[in-house]
Amino acid sequence: MKRTRLAALLLPLLFLSACGDQTSEKDFFAMDTAMQFKITGAKAEELAVSCEQYINSLDTLLSRTNADSVIWKLNHGEQTATDEIYPYVSKAYEMSQKTEGAYDPTVAPLTDLWGIGTDNAHVPAQREIDAALAKTGLDKMTLDDAAKSIKLAAGTEIDLGGIAKGEAADRCAAIVREGGASGLLALGGNIYAVGTNEGKPWKIGIADPDNSTSYVATVALTDLSAVTTGDYERYFEQNGVRYHHVFDPATGYPAQTDVRSVTILGDISAECDAYSTALFVMGREKGLEYSNAHGIAAIFITKDKKIYASHTVASLTDLQVTGEGYGYVQ
């Protein structure tokens, strides 16, 4: 599902270049979201260009709206080779299995039906939701590992928005590391802190769901990704009810839980991406239980302005709550 998850406020955006190093800063638009790079190293500009080129190529490959993309052709029943996209679809399938369907790469019919984030956002009739649900689920996908082929049931569409930015962040982080550089990569709401900020961890802010330009907590990251899913990123209101863009695959409605946002920390951004969606759908109690059972570093912000962290968070970072003035407590 597409989401512009700029839920983390980047605090230190200035790099002090060491002798012989250069700093490259890039701002561009891809994967339906704003992206920012700040890379420091002897080949910073070259690395930034390589990252941008990779992201654009991946966007073209996986875009649901580009009629030339492999995903578009697959979703529209065209005969096409799927070996290029197979690793990404297979990863999405795996993450859906791991989360027992809470993350589902086939929710595209629901996304299109509700139209959240477009001028056509509305609450569909139950019969329309039921019809869309009939086209979703892993049982509508058939993957052949040997042939690297993908088959979809009629009307089913794959949307890799839930892991695509994570995949891009992972590859770009690898490009920066391999180039002997450090940097902060912001791909929408997918943040990857590569190396250190002048020998210190990068400090990243977690947004206030009531005002995403402010933050209510910070985490210190070194060679880690942070991915946030929140109910404030894309939504509409109808008859006094607020409907956000994170769908519960079991009901076909926006997930109704006690959670406002979930931030996942880890060294594989694509997995963080999928887990942030899945744990949001699960809600705080089930999500915390799942996180603790599977060693996932998850930070939940609830509707009653409480901040909860899974056990693994403390082993990865120093979580500091800074939103007491806004009523947030841990």
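Select C51 in this predicted model. C51 has 0% relative accessibility, so C51 counts as buried. Keep C51 displayed and add C172, which holds the nearest cysteine sulfur, 3.7 Å away. C172 also counts as buried, because its relative accessibility is 0%.

Are C51 and C172 bonded or too far apart for a bond? A disulfide is a covalent bond between the sulfur atoms of two cysteines. The cut-off used here is 2.5 Å between the sulfur atoms. The sulfur of C172 lies 3.7 Å from that of C51, and therefore the two are too far apart for a bond. A search of the whole structure finds 0 disulfides.

Next, select residues 182-187, strand β6. In β6, 6 of 6 residues are buried. Colour the two faces separately: S182, L184 and A186 lie on one side, G183, L185 and L187 on the other, and all are buried. In a regular strand the side chains alternate between the two faces of the sheet.

Add residues 33-41, strand β3, which pairs with β6 in the antiparallel sense over 6 bridges. To find the register, pick T40; its bridge partner in β6 is S182.

Then show residues 190-194, strand β7. The pairing of β6 with β7 is antiparallel as well, over 5 bridges. Here the pair to pick is L185 and, opposite L185 in β7, Y192.

Finish at the turn. β6 and β7 form a hairpin with 2 residues between them. Select G188 in this turn and check its backbone: phi is positive, about 65°.

Terms used. Residues are numbered from 1 along each chain as its sequence is written. This is a predicted model: local features need pLDDT of at least 70, side-chain atom pairs count only at pLDDT 80 or more; totals for chains, interfaces and linings use all residues. Side-chain values use heavy atoms; hydrogens and water are left out. Buried means under 20% relative accessible area, exposed over 50%, partly exposed in between (1.4 Å probe, protein chains only). Helices (H or I, at least four residues) and strands (E, at least two) are DSSP runs, numbered from the N terminus. Two strands pair if DSSP finds at least two bridges between them.
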